[in-house]
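Work through the exercises below with the sequence and the model open. Each task is followed by a solution in steps.

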Amino acid sequence: MDEFLKESWQYLLNINFLEAMGLIFGLLAVFYLIKEDILTWPAGIIYVLLSFVIFWQQQLYGDFLLHVFFLLLNIYGWYHWKYGQEKYESKVPITWMSLKKNVFYMIISSVGIILFGYFLSSVHIIFPNLKPASVPYWDAATTSLSVIGMWLTARKHIENWIYWFVVDVLATGIYFYKGIHFYALLYFIYIGLAIAGFIEWKKIIRQQQV
């Protein structure tokens, strides 16, 4: 951990502007999400646009494609949070999913990891101009789980925080391995924020039921 913090500090002294902006807007998006604030979506869109450049440069093609979905889901989430409530509701409520839905999404994410991991491991063969994908199956895991997590976030299901927790743990290791230390630090912070978000949304659900 000391070495991790030391390298992160050294990286801070020579910070890449795009990564710094990604850190700021990524944290803002999660902060607003924990507070159930609709500003999470415009902050998330800016974060996605910055991430496009960074992930392409690092040959993290899975993360690049993931953020295409993120862009679309940020737009959808913004719309759904603003207009998706019923006539008798002041806003879209936070909800738990049924066991059936939880199992469904776990199966979908597992299949996604296998299929997308295979695709990423072969992407340089399919597209000869591309360099081989880095850590394809780990990349596929964060991609598949993040797509599900983002969808559950847009739909305001509390289980989204569980998916984000797993993604954050995996992504911290991947980005540190790739030398993107500021993104590794960002996702390390996200681990704690995912726990805080889950706790906060549980409180909000209890308040909704009063």
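**Exercise 1. Place Ile 114 and describe its surroundings on the surface.**

Step 1. Ile 114 lies in helix H5, residues 99-126. Helices here are DSSP runs of H or I with at least four residues, numbered from the N terminus.

Step 2. This is a predicted model, in which local features need pLDDT of at least 70 and side-chain atom pairs count only at pLDDT 80 or more, while totals for chains, interfaces and linings use all residues. Residues are numbered from 1 along each chain as its sequence is written, and side-chain values use heavy atoms, with hydrogens and water left out.

Step 3. The relative accessible area of Ile 114 is 56%, so the residue is exposed. The classes are buried (under 20% relative accessible area), exposed (over 50%) and partly exposed in between, with a 1.4 Å probe and protein chains only.

Step 4. Ile 114 belongs to a nonpolar surface patch of about 700 Å², together with Leu 99, Val 103, Met 106, Ile 107, Val 111 and Leu 115. Patch residues have over 30% relative accessible area and no salt bridge; nonpolar side chains (Val, Leu, Ile, Met, Phe, Trp, Tyr) are joined within 5 Å, like charges within 9 Å. Areas come from the Shrake-Rupley method with a 1.4 Å probe, and for residues only the protein chains shown count as cover.

**Exercise 2. Find the salt bridges and trace how they connect.**

Step 1. A salt bridge is a side-chain nitrogen of Lys or Arg within 4 Å of a carboxyl oxygen of Asp or Glu. By this rule there are 2 salt bridges.

Step 2. Glu 36 and Lys 91 form a salt bridge at 3.2 Å, N to O. Glu 36 sits in the loop between H2 and H3 and Lys 91 in the loop between H4 and H5, 55 residues apart.

Step 3. Lys 156 pairs with Glu 36 at 2.6 Å, N to O. Here the loop between H6 and H7, which holds Lys 156, is linked to the loop between H2 and H3, and the partners are 120 residues apart.

Step 4. Shared partners join Glu 36, Lys 91 and Lys 156 into one network.

Step 5. Which members are buried, and which is partly exposed? Glu 36 is buried because its relative accessibility is 11%, and Lys 156 is buried at 2%. Lys 91, at 42%, is partly exposed.

**Exercise 3. Check the backbone of Glu 36 and Lys 156.**

Step 1. Most residues other than glycine have a negative phi.

Step 2. Glu 36 has a positive phi of about 60° although it is not a glycine. Lys 156 likewise has a positive phi of about 60° without being a glycine.

**Exercise 4. Describe the largest nonpolar core.**

Step 1. A nonpolar core is a set of buried Ala, Val, Leu, Ile, Met, Phe, Trp, Tyr and Cys residues joined through side-chain atoms within 4.5 Å.

Step 2. The largest such core has 41 residues, of which Trp 161, Tyr 175, Tyr 183, Tyr 187 and Trp 201 touch the most other members.

Step 3. At least two core residues come from each of H2, H3, helix H4 (61-83), H6, H7 and helix H8 (181-208). H8 gives the largest share, 10 residues.
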